[in-house]
Structures are given as structure tokens and as C-alpha cells.
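User: I'd like to go through this one piece by piece. Can you take my questions one at a time?

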Amino acid sequence: DTIEKGGYDHFMLKEIFEQPKTILDCLRGRLNAEKGTIQVSGIENYLEEISRANRIIIIACGTSWHAGLVAEYIIEETCRIPVEVEYASEFRYRNPIVHNGDMIIAISQSGETADTIVAIEKAKEQGAIIMGIVNVVGSSISRISQTGAYTHSGPEIGVASTKAFTGQLAALMLVAFKIARHRQTITEERFKELCSELALVPGKVEKILEQNESIKKIAESLKDSSDALFLGRGYNFPIALEGALKLKEISYIHAEGYPAAEMKHGPIALVDENLPVIFVATKDVYHEKIVSNMQEIKARKGQVIAVINEGDLVTPAIADSVITIPEADEIIAPILNVIPLQLLSYHIGIARGCNVDMPRNLAKSVTVE
Ligand code: G6P
């Protein structure tokens, strides 16, 4: 057991720390930043068909569904194809409208989630092309899919997903940028810029992991909270959802993720000195707006914790604590921004004496409906 954990106390921590390597494994042989090329062997033969898709429907559950939401923002922005993101369990029991030529992207770590399997089988019967973004090689979803990409994250033992999530994001970014360039919805110059930015991710993840001790201190101040709110905008809204899910799973603290601006329509009523609000507030087009959301929380005595970029001099003056991470293109940033939230949940869970590798009532793979 100790050997398998590679010197770490828990699989979750080991898997969080493996991410520079697992993300690199996903990019290896596919991304060539010097030449500015992307080759994903599993989609090359379908590139024409995928590029002609009128609509993409993403189907997934849990953390994989959050990767799907990030992909929605990325694909719509870069490929200009309309995207819908569906919970597999909802999609399969409706009478969903699927047209010939629609493309399904099924995202699954295990490739065995029962609801996701049935949902994509249903869409396939109606003529959709299925692209699988799967971690486990040879799994059911990888076999049902006509095209796709493995995430190459290696076996994930911790029940709450960490490295599989960043692997999904890396694979989805590769696929999105490849399709975008094929459709010529991004320029060659922008494509090359995104390739270089993507290649910098593993190194930046290393730098974020160096913040482990300071994140642990912040976790100490949050461990007795009964609730927490996670806020983000744009590409970071799904990261806020994932941060909240991780905290719930690992520490049993009730947590909600919200689009930062939407907080005015409900969650703001909960804000008082006992409510920690975690902002994912790295530099993007929304930055000024999210800073003003922070001020609104502070005005109501909420406790603000913010994930920000190096060089941001404004936020530290407002927030109670900040986690500072390297800057990145806003499209790439979600893959970095989730890392401090994984560490935060881990340390809060440990401080509360929880079984972080095997939280109560949860299963690694939900193979029954
Ligand atoms: C379970 C796991 C989650 C996972 C979800 C979807 O709930 O605990 O970590 O995100 O299933 O699983 P999949 O294997 O399809 O990604």
C-alpha cells in the first residue's frame, strides 16, 4: 500500500501531484509546440465529418460533466459549433432530439458509467457520431465510440476524480483546437499560440503544486465551516462547480458552485461572516467584474478566498487570503485553476479526519443506474 502510494499519505494527494506528468502523457506525441501541430490519431479519420457537425452534444456524469462544461465554452469559442452539455441520466430518459450528423462527445474516466453508456447508445441509434474521451483503455465507452482520444492519465484510485479531470481537459483542448483549425475558425497564428500555451501547462502545474503548504494553511482556517460557496465566470464557472463538488465529496462540507454574477439571484442571501466564498479569479475578460463581486461579498462580511494570478495587485487588498498561480491564456487557465481547489479540498478533508480516498457512500464507477 505504502509503495503504491509512492510515499504520499493518500492516493488522492499522489494523484494530484502526478498531474504534471499525466497531463504531459496526454499531450505527448500529439502536441508539437515548436512546429505548431496537433495530431490525435483517434480523430484524424473523422476530422471531415466532425468538422461538418451542426451541433455537438456532450454527455457525462459527475466530474466528467464538469469537463464537458469547460469544453462547451472552449468549443463554441474556437470551433463556432453550438454545444449542449447533458447529464447522461437526464438525456437517456427523455426523448432527446438527435439529428443525423450531430456529434456526441462522451466523457468518462472509467468508460463504464451505466447512464453514459445507455445515453450514447441511444444517440448512436439515431445517427449521431460518437467521440469518446475516456481514460480506461478498452472500456465499454471506448469500444462503443467511433472516434475519440484516450486521456492517458493512468489508473485513478482516489474515488474523487483529480488527475482524470485535468486529463479530460487536456484531451478536449487538443481535440477542440484541432477541429477549430480544420474549420478555419481560428487563425494559424492563434492556433500556434494555443499550442505553445498548452505545452506550458505541465510546468505551470509544477509551480502550483509548490503552493501546497500555503494552501494547507488556508484549509486550516476553513475546516470548521458548515458551508462554502465557489464562484467563477466564463471558463472558470465550471471550475467553481468542480471545486464545490470536490469539497462536498472529500470533506462533507456542504458546498455550492455558481456563476459569480448569478450569486445575486440567491446565494448572496447566505453570506455572513461564517460563509467562506472561494473565487476563481484569474486574469480574463471578466476580471474587473469578478473583483466587484468580491467586494460585494466583503461588504456583507463574507470570508473571501481567491485564486488569482501572479502580478494581480488589486485582489490581495480585498480578499482574506489568496492563492497565486502563474498566468495563462484564459482558454487554457481552467486546467490550472482547478489544481489549488483539489489541494484545498484534500487538506480540509484531512483536517476533518475524513477518509479522502474513499468518501462514504461514493463509488469510483457507477455501473448501475
Ligand atoms: C462517480 C465518481 C466520479 C466520476 C463520476 C463519473 O461519481 O465518483 O469521480 O466523475 O462517477 O464517472 P466516469 O467514470 O464516467 O467519469
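User: Let's start with strand E8: is it largely enclosed or left open by the rest of the structure?
Analyst: Keep in mind that this is a predicted model. Strand E8 covers residues 227-232, and 5 of those 6 residues are buried. With that share buried, the rest of the structure leaves strand E8 largely enclosed.

User: How does the chain get from E8 to E9, and what is the handedness of that crossover?
Analyst: E8 and strand E9 (residues 254-259) are paired in the parallel sense, over 6 bridges. Between E8 and E9 the chain passes through helix H13, residues 237-251. That makes a β-α-β crossover, and its hand is right-handed.

User: Which residue in E10 is the bridge partner of Leu-229?
Analyst: E8 also runs parallel to strand E10 (residues 276-280), joined to it by 4 bridges. On the E9 side, Leu-229 has Glu-256 as its bridge partner. On the E10 side, the partner of Leu-229 is Val-277.

User: Staying in E8, is Leu-231 buried or exposed?
Analyst: Leu-231 sits in strand E8. Beyond its neighbours within four places in sequence, its contacts include Ala-240, Tyr-258, Val-277 and Phe-279. The cut-off for burial is 20 or more other C-beta atoms within 10 Å. Leu-231 has 29 C-beta neighbours inside 10 Å, so it counts as buried.

User: How far apart in space are Leu-231 and Asn-95?
Analyst: In sequence, 136 residues separate Leu-231 and Asn-95. Going C-alpha to C-alpha, their separation in space is 33 Å.

User: There's another sheet, with the order E4-E3-E5-E6-E7. Which strands stand at its edges?
Analyst: That one is an open sheet of 5 strands with parallel pairing. Two of its strands have a single partner strand each, so one side of each is left without a neighbour in the sheet. Those edge strands are E4 (83-87) and E7 (147-150).

User: By how many degrees are neighbouring strands of this sheet turned against each other?
Analyst: The figure is an average, and it ignores direction. On that basis, neighbouring strands are turned by 15°.

User: And which residue in E7 does Ile-133 stand opposite?
Analyst: Strand E6 (residues 129-134) and E7 run parallel, with 4 bridges joining them. Across in E7, the residue opposite Ile-133 is Ala-149.

User: Now the ligand: which residues come nearest to it?
Analyst: There are 16 residues around the ligand. By class, that shell has 5 nonpolar, 10 polar and 1 charged residues. Helix H5 (residues 62-79) supplies the largest share, 3 residues. Coming nearest are Gly-62, Thr-63, Ser-108, Ser-110 and Thr-113.

User: What is phi of Arg-80?
Analyst: Arg-80 lies in the loop between H5 and E4. It counts as exposed because it has 12 C-beta neighbours inside 10 Å, right at the cut-off of 12 or fewer. Although Arg-80 is not a glycine, its phi is positive, about 55°.

User: What about Asn-361: what value is its phi near?
Analyst: Asn-361 belongs to the segment after helix H16 (333-351). It is exposed, with 7 other C-beta atoms within 10 Å. This residue other than glycine also has a positive phi, near 70°.

User: Last one: is His-265 buried or exposed?
Analyst: His-265 is found in the loop between E9 and E10. From Asp-102 it is 163 residues away in sequence and 34 Å away in space, C-alpha to C-alpha. His-265 has 10 other C-beta atoms within 10 Å, so it is exposed.

Terms used. Residues numbered from 1 in each chain as written. Predicted model: local features only at pLDDT ≥ 70, side-chain atom pairs only at ≥ 80, totals over all residues. Near = placed C-beta within 6 Å. Nonpolar A, V, L, I, M, F, W, Y, C, P; charged D, E, K, R; others polar. Pairing = 2+ DSSP bridges. Right-handed = clockwise from strand over helix to strand, strands pointing away. Contact = placed C-beta atoms within 7 Å. Axes fitted to C-alpha atoms, helices over the stretch in contact; angles between N-to-C directions.
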